[in-house]
Amino acid sequence: MTAARADDQSADDPSAVGAGMEPPHRGSVLAQAVELSRRSIRTSFRNMAAFIPGLVFPLMLAAVYSAQFSRALALPGFPKVDSFLDFIVPASILQSVSFGATAAGAELALDIEGGFFDRLVSSPVARVTILIGRLAGSAVEALVKSIIVLIVFFVFGARVDGGVGAVIVLLVASVLLALAIGAVGLLLAIRTGSQEAVNATFPLVFVTLFVSSAFFPTELMTGWYQAVAQNNPITWIIDPLRRLVIEGWSWSDAGLAIGLPGALAVLTMAAAVLGLQRKMASR
Amino acid sequence: MSAAIAPSVPVGGAATAVRLIWRLSVRGMLRIARRPSLIIPTLIMPVFLLVSFSGSFSGLGGLQGYGTDNVYNWMTAYAVLQGVSFAGVGAAGMTAEDMENGFYDRLLLVPGGRLPLLLGPIGYSLLRSLIPTTMVLLVAYTLGSADVAGGVAGVAMVYLGAFGVATAFACLGLFAVFILKSMRALLAIQVPIFMITFLSIGQVPLSFQTGWLHAVSRINPITPVLTMMRQGFLGPVTWADSWPGLVALLALVGFFGIGAWVMLRRMAP
Amino acid sequence: MTQPIVAEALVRRFGDLTAVDGVDLHVDEGEVFAFLGPNGAGKSTVVRMLVTLLRPTEGSARVAGFDVVTEAAAVRRSIGVALQDAAIDPMMTGNELLLLQSVMHGLPRSAARVRGPELLERVGLTAAGDRRVGTYSGGMRRRLDLALSLIHEPRVLFLDEPTTGLDPTSRQSLWEEVRRLNDEGTTVFLTTQYLEEADQLAGRLAIIDGGRIVREGAPGTLKEAIGSPTLRIDTPDSHRDSAAEVLARFGEPRPCREGRVAIGLAGGAGGMAEVVRALDEAGIPLDHLELDAPSLDDVFADATGRRLEGAE
C-alpha cells in the first residue's frame, strides 16, 4: 500500500506534470486513468484477506443449500430446474461480487482521511479519473471472482442452458453490479470522508441480497416479505439471469440482465461524479 | 481513612467469588449499553436472520415431512442459536480487549482464585444471550405467529439451549483467547463456530439433507441441541427430544470448559 | 518485623533474552524505594515478578512476608499495584472501577460504599467519578489507578513508572500523594526513568541497567560518593580535542552529550578560575560552560558509562 502510494505520488506530482494551468489533454487523461486503475487493482489483489472469504462463503452457502433444498424443487411454483445448484448460480456469483464491492469506497475514504486525496485533486489529474481508477480495481476483482465461482460450479456439475452467451451475460452483469455498488461506496466516501461509514454499508448489501429471489423463488414467499423481495432490484437482476441459466438463451432476458445493472451503474457513477464536483465546488 | 478493614484478611472466599463473577458479568452488559455498534450482533442480526430465513424459505412449510407449515416454527431455534453464538464470542471479545489494553493485569491481581476470570465472562455471555433469545421469541410470536404447542416447557427448552450454547462457545472463545492473548482469537473461532452452527439442522430437517451434508449434520452435536430447542414449536416437549441435546451441551461445555480452564491456569498459575 | 520486600538472585529470561540477571533487593518497612533505569533495563520485569504477574526463572522473592510463587494469593491480598500506562478499561466510570476493585478484594458492600468516595476525594476525582475513564486526562487516569490500588489499604504499594508522560503539575500532585501515603506508613516501591523523581521521593534507590543493579543506596550517599562536581564546556569542533587535553589536567573525563567535553572537577568549584585561565591561554573559545554539583545522573553515568536518556 505505502509503496504503491509513494510511486503514484511521484507520478502525479504537479510540478512534474507542469504548471497545472491548462486542462489535461485526452492522452494524459487516459494515461492517468490507467495508472490510477493499476494502483487500485494491485490494492484489491494484495488484500487477500477480503478476497478469499468473498469466494469461500458464497460457495459454501451454495454447497449447503444444494444439499438441503433438493426436495424444495418439487414445490408447486418452483421453477423447473435440474438441480438446486443450477438455481443458485446467479445468486452465488452476485454474492461473491458483493463481498468487497464497497472496498473502493473504503479505500477512497482512507485516502481522504490520510490527505492523499488532496494531493490528487490539486494535481492536474482529471477528477473523474480518480473515480474511474478506483472502480477499475473493483471491476477486475469482480470479473476474476465470477470466473472462479463459475468454474467451481461447472466442476460440481452445474449447467448453463443459455450457453456461452449466458455465461458472458453473467460475467458482464456481475461486473456492472460491482461497479454500481462500488460507486455507492465512492459516493458515501466523498460525502462522509469516513471509512467506517463506507464499511457500514456492507451489511446492507448482504441484507439486500438476502431479501430477494437470490436463494429461493419469490413465488413461494408470502405477505409483506414477498412484496419487499419482488420490488428489490436484486430480484430484477437475478430473475432474468436465472432464466438464462435454467431455461436457455433469450435476447430479452439478456437485455434485462445487463440493462438493469448497467443503468444502476450509470446512475450511481453519475451520482458519484456529481458528488465529487460538488465537493470540489464547496472547497 | 476508615481503619475498619484489616488488610490481608480475606473476606468470605466463595461469597467474594460470586460477587466478583456478578460484577464482571454486569460489566459486560454495560459495554453493550455504551458501544452502540454491539447492538448489531446482539439484537439486529438474530432478528434479521429469523425474519429473512423464515421469509425467504417460507415455501418449505408446504413440504411433506418438514414438521410444520409455518417456517417461523422451524427457524426460531436457529435464529436464537445464531444470536447466542455471537454472545459466546462476545465473552471472548471482552477478555481479548482487556488483554490488549492492559486492564487484564488488574484482573489477574485478584487475590482469590482464578475461577471468576473464567466464570465472569461466561456470566456476561449468559446475561447477554437473554437479549437475542427473548427478542427472537417475541418477533416469532408476534410477526411470525409461531405456535406455542410445547407451552412453557417449550420456551424453557429454548432458553436452556441458548444458555448451554452461549456457555460452550464462550468457553471455546476463552480457550482461544487464553492462548493467543489478542483479538486474533476471535477470527480464529469465528469460522469453526459458523461451520458447526451452519452444518446442522438449522434450516431443514435431517431427512431433507443429502450426501456429505447429511453425514456431517447427523454427527454434529448442535443437531440434537436444535432438536431440543425446537421441539416446543412442533409439538409437546418430550424426554426423547430433550436428553440428546442436554448430553451434547454437557459434552460441549465440559470439553471447551476444561480446555479454557487449563489454558487459563497455564497463562496465570 | 520482616522486610516487606526481599528478593534474592532474581532472574527472568524470555527465550534467549535475559531481562533480569540476578537482582537482590531488601526494602525496609515504611521506606520509599526507587528503581531507576532507562527503558528496557528490566524495571517492569522485576515489578511484575514481585507482584506475582510473572514467575521468576531463577531466584526467589518474598513480599509482605509471603513467597511470590508459592503464596501468590497472599501476596496479592497484601499489595497495591499501579502498573505502567495506567491501563484501565476506558468504557467504565471511576466509580464502577472502584466498585469492581473492592469486590475483587472482598470488601463488604458497606465498607466499599465509604471507601470509594473517600479515595476519589483523596486523589481529587470526586467530580469525575461518574465519567467514563475514556474521557479522563493522563494525569486523572494515573490518580484513579492509584486510588484503585489503595482500595484494600495495602501495606506495600508498587508503582510502575507512575508519572511517565505526565505534565509537571500532574507529576507534582502525584508525588505529594505518594509522600502522604508513605507518611501514613505505606511502604512504596516505585520504578522511574526520571532522575528528579527518584531524587525527590526515594529514601533509597537502586540503579538498574541491563537487568542488573549497578548502584544502590540513599540518593545523598550515592552522590557524595561521586565527590567532585561536573564541569561541562561547549567549544567549536576544531578545538574539542585540545580542550579535552587541557581539561584532563584538572580531573577525570566524564561521559556527556555528543559535542561537549566534561570532567569531574577534582579541586571542586574553587578550581574554576584556574580552568578558565588555562583554556584561555590555550586559545580555546568557549560557547558555554557549566558546573554542576554531583547529580543522580552523574551516579548513573559513573555506574554505566552512559547518560540516562533525556537527562542533562
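How many bridges join strand β3 of chain C to strand β9 of chain C, and in which direction do the two strands run? I began my notes on this predicted model with that pair, and I found four bridges between β3 (residues 32-36) and β9 (residues 204-209) of chain C, with the strands running parallel. Within the pair, I noted that C:Phe33 stands opposite C:Arg204 of β9(C).

**Entry: the sheet of chain C**

I then followed the sheet outward from this pair, and I read an open sheet of six strands in chain C, ordered β6-β7-β8-β3-β9-β10, with mixed pairing. The edges are taken by β6 (79-82) and β10 (212-217) of chain C, and each has a single partner strand, so one side of each is left without a neighbour in the sheet. For the twist, I wrote down that neighbouring strands are turned by 15° against each other on average, with direction ignored.

Next I looked up the helices that pack here. Helix α1 (residues 43-50) of chain C packs on the sheet and touches β3, β7 (156-160), β8 (187-192) and β9 of chain C, while its direction makes about 150° with that of β7(C). Helix α5 (residues 138-149) of chain C lies across β6 and β7 of chain C, and I recorded an angle of about 165° between α5 and β6(C).

**Entry: two alanines with positive phi**

I checked the backbone of chain C for positive phi outside glycine, and I kept two residues for comparison of their surroundings. C:Ala9 has phi near 50° and lies in strand β1 (residues 5-14) of chain C. C:Ala64 has phi of about 55° and is found in the loop between β4 (58-63) and β5 (66-67) of chain C.

Is each of them buried or partly exposed? I counted C:Ala9 as partly exposed because it has 13 C-beta neighbours inside 10 Å, and C:Ala64 as buried because it has 22 inside that distance.

**Entry: how the chains meet**

I went through the pairs of chains, and of the two pairs that touch, B and C have the most contacts. Chains A and C do not touch, and I noted 20 Å between their nearest C-alpha atoms.

The contact between B and C takes 28 residues from chain B and 31 residues from chain C. On the side of chain B, the elements giving two or more residues are α1 (13-34), α3 (71-101) and α4 (103-108), and α1(B) gives the most, with eight residues. By class, I listed 13 nonpolar, seven polar and eight charged residues on this side of chain B.

For the other touching pair, I found 16 residues of chain A in contact with 20 residues of chain B. Helices α4 (48-68) and α11 (202-210) of chain A each supply at least two residues to the side that touches chain B, and the largest share, three residues, comes from α4(A). This side of chain A has 12 nonpolar, three polar and one charged residues.

**Entry: helix α1 of chain B**

I returned to α1(B), given its share of the contact with chain C. This helix has 22 residues and reaches 31 Å from its first C-alpha to its last, close to the 32 Å expected at 1.5 Å a residue. Its buried residues include B:Arg19, B:Leu20, B:Ile21, B:Leu24 and B:Arg27. I traced what the buried residues of α1(B) pack against, and I found α2 (39-56), α3 and α5 (115-142) of chain B together with α3 (94-104) of chain C.

Notes
Residues are numbered from 1 along each chain as its sequence is written. Chains are lettered from A and ligands numbered from 1 in the order in which they are written. This is a predicted model: local features need pLDDT of at least 70, side-chain atom pairs count only at pLDDT 80 or more; totals for chains, interfaces and linings use all residues. Two residues are in contact if their C-beta atoms, placed from the backbone, lie within 7 Å. Two strands pair if DSSP finds at least two bridges between them. Axes are lines fitted to C-alpha atoms, for helices over the stretch in contact, and angles run from 0 to 180 degrees between N-to-C directions. Ala, Val, Leu, Ile, Met, Phe, Trp, Tyr, Cys and Pro count as nonpolar, Asp, Glu, Lys and Arg as charged, and the others, Gly among them, as polar. A residue is buried if 20 or more other C-beta atoms lie within 10 Å of its own, exposed if 12 or fewer, and partly exposed in between; C-beta atoms are placed from the backbone. The expected span of a helix is 1.5 Å times one less than its number of residues.
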